[in-house]
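Reader: I would like a close look at one part of this model, the surroundings of the bound ligands. Please go through them and then set them against the rest of the chain.

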Amino acid sequence: MSSDSRFAPLVLEKTDTNLIMINNYLYSSYKSLILVFLLSFFSFTAFSQDIPTEPAAISAGEQLFNANCKACHRVNQKLVGPALAGVYDRAPSIDWIKSFIRNSSKVIASGEPYAVGLYNEYNKTQMTAFSNFKDPDIMNILAYIKAEEGKAAGGGDAGAQPGAGAGGAQVPAEGGDTAPRYLNIILIGMILILILLVIILGFLISAIKRFLDQKTLTEEEREVVHSPISVGSITRSSGFIFAVTFIIAALGFKAAINGLYSVGVQQGYAPKQPIAFSHKVHAGQYEIDCKYCHTGVMKGKSATIPSVNICMNCHNQIKAGTNTGEGEIAKIVKAYNDNKPIEWIRIHNLPDFSYFNHAQHVNVGGVECQTCHGPIQEMDVVRQHSLLTMGWCIDCHRQTDVNAKGNAYYDKLVELHNKTSKQPMKVEDIGGLECSKCHY
Ligand code: HEC
Ligand code: HEC
Ligand code: HEC
Ligand code: HEC
Ligand code: HEC
Ligand code: HEC
């Protein structure tokens, strides 16, 4: 198209002018090629996600895998979930794997066909969400999977049950890691071809230039022929501006999608309550202690929501609020007189099969409410601050030291622990990762 319009006005009468035009044409192709080259190089480095092969990555991956995935997965054998050998080839992309591991239900809910198919194939078993896993964690797990899968191909898999080795594995270990390698080879090949084209064009241009230099050219023509290929001339070209805008838009889009996948399904949930009760006014401005209202916190499993009676301790006196006037407080009085509980909408809610105890955390563990619930004293409307997934619980149990001060029961444990380890005793060390502690 564009070449037609460039060549259309040419009449083959003055060869030198023609050559100048051709030179110009080659020159602009040259610039575009450099652009394409830069672009493909960029996409190669930005989007290629090589699974690491260093021993350190593999052993870090092994630890993560054993602690988090082994309950349901083996590398070369189907368990609760699929055998993970070769996932990085069969799953839609590495990014998909990352999203799925962080929050599989979100990916499934998005209707993505591969995820939905898998979910149905595994009888709608929910995989645990590992929302706290960083990209390198997941890449390390993949490194471990790749290494294990190699072992199975080389000799026997020591862990696998008899019979499961040959026919049982879902994926032939041979074909395992070839596909991404092919992709890389194709990409590298394309880049090489581009480099070659750039070099050939460069030669052509300089040959034509040398030829034209032997002719007598006007000042203007000379300038056109000798216009340099500078960084400036490339960055000013419309092609470059388009490419940059495109890359930025693509990256933004990608970040948005990733962000959506990693947000917990319930995180940020903040329903409108029947009475416009404000923690900002009560716990913030008037500094009423959380435990004054949430009376169960120190002694029981549940923190409990205060009854109307507790509100009435103060609101039989205080009949109007600064922000909401009399309307909202009148609702409390009405509920009290009618002897009806206020129907607060519950915000935080773990599934029934999991067990969480407030007293264990707040009283024994000394964990602040805000660590889990966020800055409640600044919220007019309570919203769910944390993910409340299993990954969230476990992550904290790995990182948090046991609060052993003033607890005679723990003194012996700490003493024992310090004999065998230099690390401070974590919740993990007192059984905080045992399934039965959190599951009935
Ligand atoms: C509670 C059991 C459970 C745990 C724990 C678990 N998974 Fe899964 N996983 C599943 C199930 C079941 C599936 C199949 C899909 C579904 O039903 O949602 C699955 C699917 C997958 C898939 C997609 C597999 C495929 O064939 O494309 C990947 C990848 C995966 N899990 C990785 C992990 C990793 C990594 C961990 C540990 C960090 C982990 N899983 C922990 C149960 C689990
Ligand atoms: C520190 C507490 C804790 C420990 C330890 C724990 N879980 Fe969980 N688990 C939870 C919580 C909380 C949920 C529900 C969170 C959610 O819906 O994501 C859950 C959910 C699950 C689910 C349902 C999948 C899901 O994500 O909804 C399965 C299956 C499961 N756990 C299995 C296990 C197994 C197997 C172990 C032992 C290896 C284990 N859990 C250890 C707290 C724990
Ligand atoms: C004057 C009484 C009062 C005080 C003081 C108070 N709360 Fe509340 N809290 C409530 C009431 C009423 C609700 C239910 C309505 C709502 O969600 O806003 C509630 C709800 C909550 C919820 C959400 C419960 C759910 O449904 O999952 C959390 C979390 C919470 N409070 C934490 C705190 C913390 C932390 C403090 C101290 C900084 C605190 N509260 C102080 C009365 C109080
Ligand atoms: C310890 C005393 C105390 C308790 C208990 C208490 N409040 Fe209040 N409440 C106050 C004070 C003080 C104000 C501020 C009045 C003002 O704005 O001048 C207030 C204001 C309010 C307002 C109006 C807020 C505004 O700014 O307009 C509402 C609604 C309200 N409270 C609801 C409740 C409910 C519901 C409960 C029970 C869960 C409760 N309060 C328990 C002391 C209390
Ligand atoms: C270690 C994390 C953690 C800490 C610390 C914590 N909570 Fe919670 N809280 C939770 C979880 C998880 C739930 C959901 C429990 C469930 O559904 O069984 C919850 C639920 C609640 C609820 C509503 C349901 C119920 O249990 O009655 C209130 C109110 C609440 N918390 C208040 C508090 C207050 C006040 C504090 C501080 C004194 C506190 N929490 C400290 C994790 C925590
Ligand atoms: C902010 C950090 C934190 C989070 C988040 C957290 N925990 Fe804990 N958890 C602790 C600490 C600290 C202890 C140790 C308390 C003690 O000293 O006994 C503990 C102890 C426990 C224990 C007793 C373990 C034992 O061996 O005695 C259970 C059960 C438990 N947590 C369940 C949960 C569940 C379920 C969740 C998620 C819904 C959760 N925790 C989230 C910090 C946390």
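**Ligand shells and their setting**

Author: With 8 other C-beta atoms inside 10 Å, Glu-287 counts as exposed, because the cut-off for exposed is 12 or fewer. The model is a predicted one. Glu-287 sits in the loop that runs between H14 and helix H15 (290-293). Its phi is near 50°, which is a positive value in a residue other than glycine.

The two helices that flank this loop both belong to the surroundings of ligand 3. There are 21 residues around ligand 3, and the nearest are Cys-290, Cys-293, Ile-347, His-348 and Cys-369. H14, H15 and H19 are the elements that give two or more residues to this shell. By class, the shell around ligand 3 holds 13 nonpolar, seven polar and one charged residues.

Ligand 5 comes next. Its surroundings comprise 20 residues, of which Ala-303, His-348, Leu-350, Cys-369 and Cys-372 come nearest. His-348 and Cys-369 are thus named among the nearest residues for ligand 3 and again for ligand 5. Helix H18 (358-364) and helix H19 (369-373) each supply at least two residues of the shell around ligand 5. H19 makes the largest contribution to that shell, with four residues. The classes here are 11 nonpolar and nine polar, with no charged residue.

Ligand 4 has 23 residues around it. Those that come nearest are Cys-311, Cys-314, Gly-321, Asn-323 and Thr-324. Three helices each supply at least two residues of this shell: helix H14 (279-285), helix H16 (308-315) and helix H17 (327-338). The largest share, five residues, comes from H16. The shell around ligand 4 divides into 14 nonpolar, eight polar and one charged residues. H14 therefore serves two of these shells, since at least two of its residues belong to the one around ligand 4 and two or more to the one around ligand 3.

Between H17 and H18 runs a loop that holds two residues to look at one by one. Asn-339 lies in this loop, and its phi is near 60°, again a positive value in a residue other than glycine. Asn-339 is exposed, because 7 other C-beta atoms lie within 10 Å of its own. Arg-346 is found in that loop too, between H17 and H18. Arg-346 also counts as exposed, as it has 9 other C-beta atoms within 10 Å. Arg-346 and Ala-270 are 76 residues apart in sequence, yet their C-alpha atoms are 9.6 Å apart in space.

Now the rest of the chain, for comparison. The protein chain has 22 helices and zero strands. Of its 440 residues, 18% count as buried. Among contacts between residues at least 6 apart in sequence, 73% join residues at least 24 apart.

The largest nonpolar core has 27 residues, and Ile-97, Leu-142 and Ile-145 touch the most other members. The elements that give it two or more residues are helix H3 (55-69), helix H4 (87-90), helix H5 (94-102), helix H6 (104-109), helix H7 (113-121) and helix H8 (135-154). H8 provides the largest share of this core, seven residues.

Ile-97 belongs to H5 and is buried there, along with Ile-94, Lys-98, Ser-99, Phe-100, Ile-101 and Arg-102. H5 is largely enclosed by the rest of the structure, because seven of its nine residues are buried. Leaving aside neighbours within four places in sequence, Ile-97 is in contact with Val-87, Tyr-88, Ala-91 and Ile-138.

Last, the confidence. The mean pLDDT of the protein chain is 79, and 82% of its residues reach 70 or more. Confidence is highest in H19, at 93, and lowest in helix H9 (residues 164-168), at a mean of 34. The pLDDT is below 50 over residues 1-13, a stretch that has five contacts in the model beyond near neighbours in sequence. Over residues 260-265 it is also below 50, and this stretch has 15 such contacts. Where pLDDT is low, the predicted coordinates should not be read in detail. H19, with the highest confidence, is the helix that gives the largest share of the shell around ligand 5.

Definitions and conventions. Residues numbered from 1 in each chain as written. Chains lettered and ligands numbered in written order. Predicted model: local features only at pLDDT ≥ 70, side-chain atom pairs only at ≥ 80, totals over all residues. Near = placed C-beta within 6 Å. Nonpolar A, V, L, I, M, F, W, Y, C, P; charged D, E, K, R; others polar. Buried ≥ 20, exposed ≤ 12 C-beta atoms within 10 Å, placed from the backbone. Core = buried A, V, L, I, M, F, W, Y, C linked by C-beta atoms within 7 Å. Contact = placed C-beta atoms within 7 Å. pLDDT = per-residue confidence, 0-100.
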